[in-house]
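User: Please take a close look at a single part of this structure, the strands and what packs around them. I am new to it, and I would like each technical term explained when it is used.

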Amino acid sequence: MQFNNIKNNYGKKIRDKKSQDIDSSLQNKNHKQEQFALKISMYCACLLAFLGIGFGLVLKSSTLVFDGIVCFVSVALGFLSVVTSRYIYKEDDDIFQYGYVRFEPMVNLFKSLVLVVVCIYAFTSGLRDIIHGGYTLEIGGAVIYTLCAFIISFALYRYTSFYAKMLDSDLVAVDSTEWWIDCIMYLGGIIAFGIIFIFDSKQEYAISHYIDPSLLMILSIFLAITPIKIMIVNFKDLVMVAPKTLDNKITEIMEKISNEYGFQDYDTHVAKSGRFFMIEVNILNTNKNDKISIGEIDVIRDKIEKYLDIPSYKIWLSVNITANPKWL
């Protein structure tokens, strides 16, 4: 019997080590893919920034200049995302004793705030141009450039959107939102140029001077919606609003475990920080004859992790057992 217990414990240690190695390998792989996706996004944003501002000034299009400014902002924010991505998987240290996980929602909140400011700037810029009588556009190369830039932006949007879903990365998801804004801006430019080219190629009518700035104002209003939503989500992460789905799931899990072990009560605390989850479980066991060993506590913790069905490197899980109700 003793030999079987030793054998079973040894087998469990091997399985646990294999599970940890798999999680660690998956974490490193995801981290490298995230870094790669963010860097590609940043380099392409830098390219489009120069092209957008350069062509915008030559072709006298505020939409293209605005898009170039957005891309320059995206380069700076992209660099910030790359740096943040390097830190969020780091182990806790003496300074950040709960790790670096809260950096992700902080950066995403800041990036979305910048995007909202950019949209406000676009709206006021378009309004100012309308007040001053609008302007004429150089139709020739503008259509070709805008079409090419739209294709590039759409390709990057699809690329970052794919990696955001695959890696469950909010950092890449915000980058994807930025590329979506670029896509819509370029599409708006194509529509503006197309309307003018078809109906008034020489721009003899006054209304043609207002199409581009008017479209810029309309698009900036609609485009501000997505970053505002991102701001709200990440603000909730920072102030540690409990995710409803996770809260319901941990309650369901603890009901099952409490019935299995005969615990008198329990209390849970959950929070989300970017892609990471903080979960605290306090269990009340007032039965003095029922002594729970450290090994059994580990078994309970393993069961909670298994039922959560979330990779271990994304969970900060704390399980405490007490006989005093005040510690719940």
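Analyst: A residue is called buried here when its relative accessible area is under 20%, exposed when it is over 50%, and partly exposed in between, with a 1.4 Å probe and with protein chains only taken into account. The model is a predicted one, in which local features need pLDDT of at least 70 and side-chain atom pairs count only at pLDDT 80 or more, while totals for chains, interfaces and linings use all residues. Residues are numbered from 1 along each chain as its sequence is written, and side-chain values rest on heavy atoms, with hydrogens and water left out.

To place the strands, it helps to begin with the whole chain. There are 9 helices and 3 strands in it, where helices (H or I, at least four residues) and strands (E, at least two) are DSSP runs numbered from the N terminus. Along the sequence the elements follow the pattern α-α-α-α-α-α-α-α-β-β-α-β. The chain has 328 residues, of which 43% count as buried.

The strands themselves can be followed through β2. Strand β1, which covers residues 265–273, pairs with β2 in the antiparallel sense over 9 bridges; two strands are said to pair if DSSP finds at least two bridges between them. One of the bridge partners is easily located, as Asp265 is matched with Leu284 in β2. Between β1 and β2 lie 2 residues, and the two strands form a hairpin in whose turn Gly274 has a positive phi of about 65°. β2 also pairs with strand β3, made of residues 315–322, this time in the parallel sense and over 8 bridges. Within that pairing, Phe277 stands opposite Ile315 in β3. Strand β2, which spans residues 276–284, is mostly covered, with 8 of its 9 residues buried.

What packs around the strands can be described next. In soluble globular proteins, nonpolar side chains tend to be buried together. The largest nonpolar core, meaning a set of buried Ala, Val, Leu, Ile, Met, Phe, Trp, Tyr and Cys residues joined through side-chain atoms within 4.5 Å, has 18 residues in this model, and those with the most contacts inside it are Ile250, Met254, Ile279, Val281, Ile304 and Leu308. At least two residues of this core come from each of α8 (244–261), β1, β2, α9 (294–308) and β3. α8 gives the most to it, with 5 residues. Met254 shows how these parts meet: leaving aside residues up to four places away in sequence, Met254 touches Tyr266, Thr268, Val281, Ile283 and Ile304, a contact being heavy atoms within 4.5 Å. A second core, separate from this one, has 15 residues, including Phe66, Val114, Leu115 and Ile181.

Charged side chains also join the strands to other parts. A salt bridge is a side-chain nitrogen of Lys or Arg within 4 Å of a carboxyl oxygen of Asp or Glu, and a search of the whole structure finds 9 of them. In one of these, the side chains of Lys272 and Asp237 meet at 3.1 Å, N to O. This pair links distant parts of the chain, since Lys272 belongs to strand β1 and Asp237 to helix α7 (residues 225–238), 35 residues apart. Both Lys272 and Asp237 are buried. Arg275, for its part, is linked with Glu34 and Glu104 in a network of salt bridges.

Away from the strands there is another salt bridge for comparison, in which Asp175 and Lys111 meet at 2.8 Å, N to O. Asp175 lies in helix α5 (residues 170–199) and Lys111 in helix α3 (residues 103–131), 64 residues apart. Asp175 and Lys111 are both buried.

A last point concerns confidence, expressed as pLDDT, the predictor's confidence in each residue from 0 to 100. The chain has a mean pLDDT of 81, and 89% of its residues reach 70 or more. Among the elements, α8 has the highest mean value, 92, and helix α1 (residues 2–59) the lowest, 67. Over residues 1–19 the pLDDT is below 50, and this stretch has 1 contact in the model beyond near neighbours in sequence.
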